[in-house]
Every structure is written in structure tokens, then in C-alpha cells.
Amino acid sequence: MVVIGTDVHKRTHTFVAVNDVGRELGRKTVPATTPGHGAAVRWARAQFGSELVWGIEDCRNLSARLERDLLSAGQKVVRVAPKLMALQRAGGRDRGKSDPIDALAVARAVLRDPDLPVATHDTVSRELKLLVDRREHLVAQRTSIINRFLGRVHELDPTRNPKKGSMDRAKTHRALADWLSTLEGLMAELAADELADIIRLTTMINALAQRIGTAVQAAAPSLLALPGCGELTAAKLVGESAGITRFTSEAAFARHNGTAPIPAWSGNTAGRMRLNRTGNRQLNAALHRIAITQVGMTASAGQTYYRKRLAHGDSSSEALRCLKRRLSRTVFIRLHADEKSRHNTSQTVAA
């Protein structure tokens with residue numbers, strides 16, 4: 001087997017091939033286009049045969065087209081977290097930083113960690129990720145405008161302060177618009193323009209939320225049935241998982257999402273674990289929201305488990321970490337059930 005590590009950039013991709021003991025066999029740089037990707041596949045097949053594994057640093061915005069082209073060509077592709085590549089490069093004998101050095105580090109990281117997640121074509125998760133990312137971008141834009149707008153409102157009238165958390169409501173928008181229409185001057189004009197931007201963005205955000213809700217209800221009904229998991233959180237889990245079948249086990253999924261604990265003991269502290277701050281932080285944040293919600297739900301399974309951990313002497317942060325690890329296992333099972341249901345449905349439709 002030959003492993004080909006890839007360092008991706010906007011304009012070019014650099015490939016370095018290694019054998020099963022990590023010895024470099026060859027390298028090639030191609031344009032970051034579909035024809036360039038085809039040339040890389042032809043080079044690899046001509047030089048090293050058909051038993052190939054492509055390791056790609058997981059920079060999704062830069063590597064998405066490369067992944068699709070390689071998968072369409074029938075190649076096996078695995079994703080390497082940037083931190084794994086950096087650790088491998090730091091432990092290598094080559095000093096400095098270059099595209100071939102980074103690509104070599106990616107290839108050797110694949111050899112060192114054979115259970116890395118495999119890239120797959122998953123239209124459902126890809127579309128949900130695009131929709132959720134777009135909504136979050138609009139929310140960030142609206143928050144920035146709201147902050148500037150509230151500053152102008154305070155300058156116009158310090159006694160007029162919209163209720164906290166109400167700037168996404170139509171009632172608040174109407175009241176502020178009516179008030180601003182009675183004022184004159186540049187400050188009032190700019191505030192009115194910003195309020196119009198807030199209203200426009202709110203309409204777009206709500207439309208996206210409704211579209212995401214419709215999509216996730218069809219794609220992940222089992223996940224939505226999990227207490228504490230709303231539509232946006234479920235969409236985040238599906239989108240960031242990018243195809244749950246690419247993980248070899250629930251333990252691999254936990255390691256990917258950062259809920260697998262890290263040993264932190266020596267001598268008399270044997271058995272102690274600590275929080276894992278690596279992994280996909282978006283997935284980790286979604287699991288954290290579910291955990292916090294379940295802890296606050298009366299007589300929920302999550303609250304029962306959390307209190308049980310506290311009774312055994314865990315701190316609140318340790319108990320929450322354990323609950324998140326437990327939820328990771330539950331989410332993995334439910335995502336698999338939803339994936340299987342979608343697959344069976346598609347087969348029925350095809351038949």
C-alpha cells in the first residue's frame with residue numbers, strides 16, 4: 001500500500017507518496033483544479049499502482065473539490081486533522097516548513113493513525129452544513145449591526161433601551177421604526193438604515209431556520225427525538241459529522257468530537273482524566289448544548305446521570321464531561337439509525 005499525503009492551497013496542491021514504513025517515494029504539485037486532480041491520480045497510478053490511500057489535511061473549504069474528484073475517480077480518501085499533521089511535522093527530521101514537508105507529515109500521520117475518518121460523498125450532511133454555516137454568518141452580521149444600532153439609540157435617547165434579547169422580534173422593530181421616524185438628523189437617519197438591515201437579516205435568518213428545520217426533520221428524526229436536541233443542534237451534528245459511517249466506531253467519533261477524555265495521572269493520581277480540548281469544536285459545542293439542556297430538565301436521563309456522577313465525588317465539570325461522553329455514544333447510535341433509514345428509503349424509491 002502507498003499513502004499519498006496532500007498539502008492543499010487555493011492555487012496548488014502538493015502530493016508526497018510514501019511506502020508502508022514512511023519512506024518517501026515521490027512528489028508532485030498540480031493546479032487546484034479538476035484537471036489538475038486528474039493529473040495527480042494518473043501520476044499516482046502510473047508510479048505506484050492501484051492500491052492507494054490519499055491523506056488530505058482537513059481544510060474543508062480548500063479540500064472539498066479535491067475530495068470529490070478523488071472519490072469520483074474511485075480513490076480511498078482519509079481526512080487528517082491539522083493538529084495531527086503539525087505534531088507529525090514537529091517530530092520529523094526535516095526542519096522548516098514547506099508544502100512537501102507538510103504533505104509528507106500528512107502521509108506519515110495516516111500511517112501512524114490507521115483509524116482516521118474516511119471521506120465520503122454525503123449530500124445531506126453537506127447541504128445542512130452549508131445552510132447552518134450561512135445562518136451563523138448572518139447571525140454574526142446581525143449581532144454586529146445590533147451593537148452599533150444600540151449605541152446610536154443610546155446617543156439619541158439614553159432612556160430608550162430595547163429589552164435585552166428582543167432585537168429579533170417584529171414588535172420591537174415596529175416600535176423602534178415608529179420612534180425613529182419622529183426624529184431628525186444624521187444620527188437618526190443612520191440608525192433607521194441599521195434597523196432596516198437588522199429587519200432584513202432577521203427575515204433571512206428565520207427563513208434559513210425554517211428551511212433547516214424542514215431538512216433535518218426528514219434527515220434525522222431519531223436524533224431530534226433525543227431530549228435537549230433541537231433542530232439547529234441536530235443540523236449542526238449531521239453537518240459536522242459529514243457522514244457518520246466514515247467513523248469505524250463510536251470511540252473514533254468521540255475522539256473526533258473531543259469528548260474522549262485524556263489521561264492525566266502519575267503516581268498517586270492514577271486513573272485521573274481531564275477534558276479534551278482538541279477535536280471538532282463545533283460538534284463538541286453541539287453536544288455541550290444538549291448536555292446543559294438535559295441537566296436542567298426535570299427527571300431526564302441526563303440529569304439523573306449527572307447527579308449520579310456528583311454523588312460519586314466528581315466535580316461539576318467532571319460530571320458534565322462524563323455526560324458529554326455518554327451523549328456522544330447516544331448521538332453516534334442515532335445518527336447511524338437515521339443514516340440507515342435514509343439508505344433504505346433511497347433503495348425503496350430506486351426500486
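Visitor: Which helices each supply at least two residues of the lining of the second largest cavity?

Guide: In this predicted model, the helices that each supply at least two lining residues are H9 and helix H13 (316-350), and the largest share, three residues, comes from H13.

Visitor: What makes a residue part of the lining of the second largest cavity, and which residues are they?

Guide: A lining residue must have an atom within 4 Å of a cavity point, and the residues that line this cavity are Asp-122, Ser-125, Val-238, Ser-241, Gly-243, Ile-244, Leu-335, Glu-339 and Arg-342.

Visitor: How is this lining divided by class, and why is Gly-243 not counted as nonpolar?

Guide: The lining has three nonpolar, three polar and three charged residues; Gly is placed among the polar residues by the classification, so Gly-243 is counted there.

Visitor: How many cavities of 30 Å³ or more does a search of the whole structure find, and what is the volume of the second largest?

Guide: The search finds two cavities of 30 Å³ or more, and the second largest has a volume of about 70 Å³.

Visitor: What makes H7 and H9 a pair in contact?

Guide: Contact requires heavy atoms within 4.5 Å, and Ile-212, Gly-213, Val-216 and Gln-217 in H7 meet Glu-231, Leu-232, Ala-234 and Ala-235 in H9. The residues of this contact divide into five nonpolar, two polar and one charged.

Visitor: Why is the crossing of H7 and H9 called left-handed?

Guide: The axes of H7 (residues 186-219) and H9 (residues 231-241) come within 9 Å and cross at roughly 65°. The crossing is left-handed, which means that the near helix is turned anticlockwise from the far one by less than a right angle.

Technical notes. Residues numbered from 1 in each chain as written. Predicted model: local features only at pLDDT ≥ 70, side-chain atom pairs only at ≥ 80, totals over all residues. Heavy atoms only, no water. Axes fitted to C-alpha atoms, helices over the stretch in contact; angles between N-to-C directions. Helix = DSSP H or I, 4+ residues; strand = E, 2+ residues; numbered from the N terminus. 1 Å grid on protein atoms, 1.4 Å probe; cavity = no way out; pocket = protein on both sides within 12 Å on 5 of 7 lines; lining within 4 Å. Points joined across faces, edges and corners; volume = space filled by probe spheres on them.
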